[in-house]
Amino acid sequence: MPFLDRVTRWAEGRPRELAVACGHEELRWDELRAGASALAASGEPTGILRQDNGTGFVLRWAAGVAEDRVCAVLDPSWPEEVAGPVEQRCAERLPTAPAPARLQDGDPGAVFLIGLTSGTTAVPKGFGRSRASWQSSFAASAAHFGLRPGDRVLAPGPLAASLNLYALSECLWAGAAFVTLPRFDVAAAHREITARGVTRLVLVPTMLRVLAERGLAAGIDARGITAIVCAGQKLDPTTLAAARRWAPDAAIWEYYGAAELGFVAARCHRPDEPAEEPAEGSGTAVGTAFPGVEVTVLDGTGTPVPEGATGTIGVRSELVCDGYLWGDDGRALGRLGGMTTVRDQGFLRDGQLHVLGRAAEMINTGGHNVYPHEVEAALTGIPGVADAVVAGLPDAQRGQRIVAGILPAPGGTDRRRLRAGLEGRLAPAKRPQQYVALDELPLTGSGKTSRALLRDWILEGDSRVRPLG
């Protein structure tokens, strides 16, 4: 694994400094090395890791990838009908009685991680990732985002999610203290920020928003935070504005990537930069190509399209995974025009990558192709909208109709204001035909908004959804 030799280095040079904290649990660097070493040497199977956040998770993760070992990290919230088949597929690729291992890095070219796509009903796909791909990623991301050994990083989400698992591993590589929570809790996160002197946050935008807004309301001081790294979905203007007020000295990074691709593009909002006025199309921009990453937009034949034209986003870098181990249906990770893609659609303009979403999420309404993210970006720029989620529902006349779920801001909004707000922001064919008000956002277990869940709520008549007047 790419961080185990580094753990030994930190344990020898800074043995009693904090390495990991989760609630009341703590591990110093020497304790982390000793605990993970003992577990790896015991011969106890560590290839399947399915447990909640805690220092025990960290010890099993480190031991699970020692020397030539391979580890699969499963979401503990998955129902058994999802987790069971995944465990079986993983077990087929893991030794039943692993040999004792030393706590040190293994062959860089060998697979150390069985990565898993998120899943709630269908069996998640599994892919392999080599140590070398994360070694390259750590060096690039730590330099680009400015992570240093003296930092204290709070990642309050589930460690089974790729964003947080990577953040944990990156901290162990860089020698930064990693702080998490047994489960996401706003008050607990604020206490950790204050009590532990947290300098950096790694989280999804929905978590950042609630931390910032409630922190502002409660007067929680976040001036010690120097960097915020967001991923998982586009950072919307309202969340960015709240985060800037709450943590005025922080560089706020947002990046686009995928578990299979690694980092693709990134953008930094510096604390000394004036707030930008939303421009047409700015809501889909995710930044410029990450260092060492080549990004191209391709048509269906794999030929690059002209600047500004929509196509499939292709990537070439050392950060991509080694391919699917199971579940390859040809609709996700693949090759196109010599590039690797997960079938996300987008375009390039003035060096900025704009992401519109997966081709599978595209809504075909009245013969027009509409990407939900483009509609969401326009809606969140309208006063009175705290957040928006867009999905396509079956429609006898149009094929699909565009439905917008609106989380109202204080003071609220209505359909008339929304329709007026979209004038000049969005072409008529892309405007929603139906609006519903949400009591809360439909979120996955890792805190990302879920369009599929919004569809379910509407079709099932869930009480969290009501018509918007």
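**Aromatic pairs, cavities and one loop residue**

Me: Phe145 and Trp253, buried or exposed?
Reply: Phe145 is buried, and Trp253 is too. Buried means under 20% relative accessible area, exposed over 50%, and partly exposed in between, with a 1.4 Å probe and protein chains only.

Me: What kind of model is this?
Reply: A predicted model, where local features need pLDDT of at least 70 and side-chain atom pairs pLDDT 80 or more, while totals for chains, interfaces and linings use all residues. Residues are numbered from 1 along each chain as its sequence is written, and side-chain values use heavy atoms, without hydrogens and water.

Me: OK, rings. How many aromatic pairs does the structure hold?
Reply: The structure holds 16 aromatic pairs. The rule takes Phe, Tyr and Trp (six-membered ring) with centres within 6.5 Å; planes under 30 degrees apart are stacked, over 60 edge-to-face, the rest tilted.

Me: How far apart are the ring centres of Trp61 and Phe112?
Reply: Their centres are 6.2 Å apart. The planes stand at 50 degrees, so the pair is tilted.

Me: Where do those two sit in the chain?
Reply: Trp61 is in helix H3, residues 55–64. Phe112 is in strand E5, residues 111–116. The two residues are 51 apart, so the pair links distant parts of the chain. Helices (H or I, at least four residues) and strands (E, at least two) are DSSP runs, numbered from the N terminus.

Me: Trp61 and Phe112, buried or exposed?
Reply: Both Trp61 and Phe112 are buried.

Me: Back to Phe145 and Trp253. At what angle are their planes?
Reply: The planes are at 65 degrees, so this pair is edge-to-face. The ring centres of Phe145 and Trp253 lie 5.0 Å apart.

Me: What parts does that pair tie together?
Reply: Phe145 is in helix H5 (residues 131–145) and Trp253 in strand E11 (residues 251–258), so the pair ties parts 108 residues apart in sequence.

Me: Which residues form the aromatic cluster?
Reply: One cluster takes in both pairs: Trp61 and Phe112, Phe145 and Trp253. Its other members are Phe3, Trp134, Phe138, Tyr166, Trp173, Tyr255, Phe263 and Phe290.

Me: Zoom out. How many helices and strands are there?
Reply: The protein has 12 helices and 26 strands. Its C-alpha trace spans about 65 × 50 × 45 Å along the principal axes. Of the 469 residues, 55% are buried.

Me: How many cavities of 30 Å³ or more?
Reply: The count comes to 2. A cavity is a set of points on a 1 Å grid over the protein atoms alone where a 1.4 Å probe fits but cannot get out; lining residues have an atom within 4 Å of a point.

Me: How much space is in the largest cavity?
Reply: About 120 Å³. The lining has 13 residues; Phe145, Ala167, Glu170, Val202 and Val229 are the closest to the centre. Helix H6 (162–174) gives the largest share of that lining, 4 residues. H5 and strand E9 (200–203) each supply at least two residues as well.

Me: And the second largest cavity, what lines it?
Reply: Among the lining residues are Pro156, Leu163, Val202, Met207 and Ser446. H6 and E9 each give two or more residues to that lining. The space is about 30 Å³.

Me: Last one. Where is Thr444?
Reply: Thr444 is in the loop between strand E25 (434–438) and helix H12 (451–460). At 33% relative accessibility, Thr444 counts as partly exposed. The C-alpha atoms of Thr444 and Ser118 are separated by 9.1 Å, though the two residues are 326 apart along the chain.

Methods
1 Å grid on protein atoms, 1.4 Å probe; cavity = no way out; pocket = protein on both sides within 12 Å on 5 of 7 lines; lining within 4 Å. Points joined across faces, edges and corners; volume = space filled by probe spheres on them.
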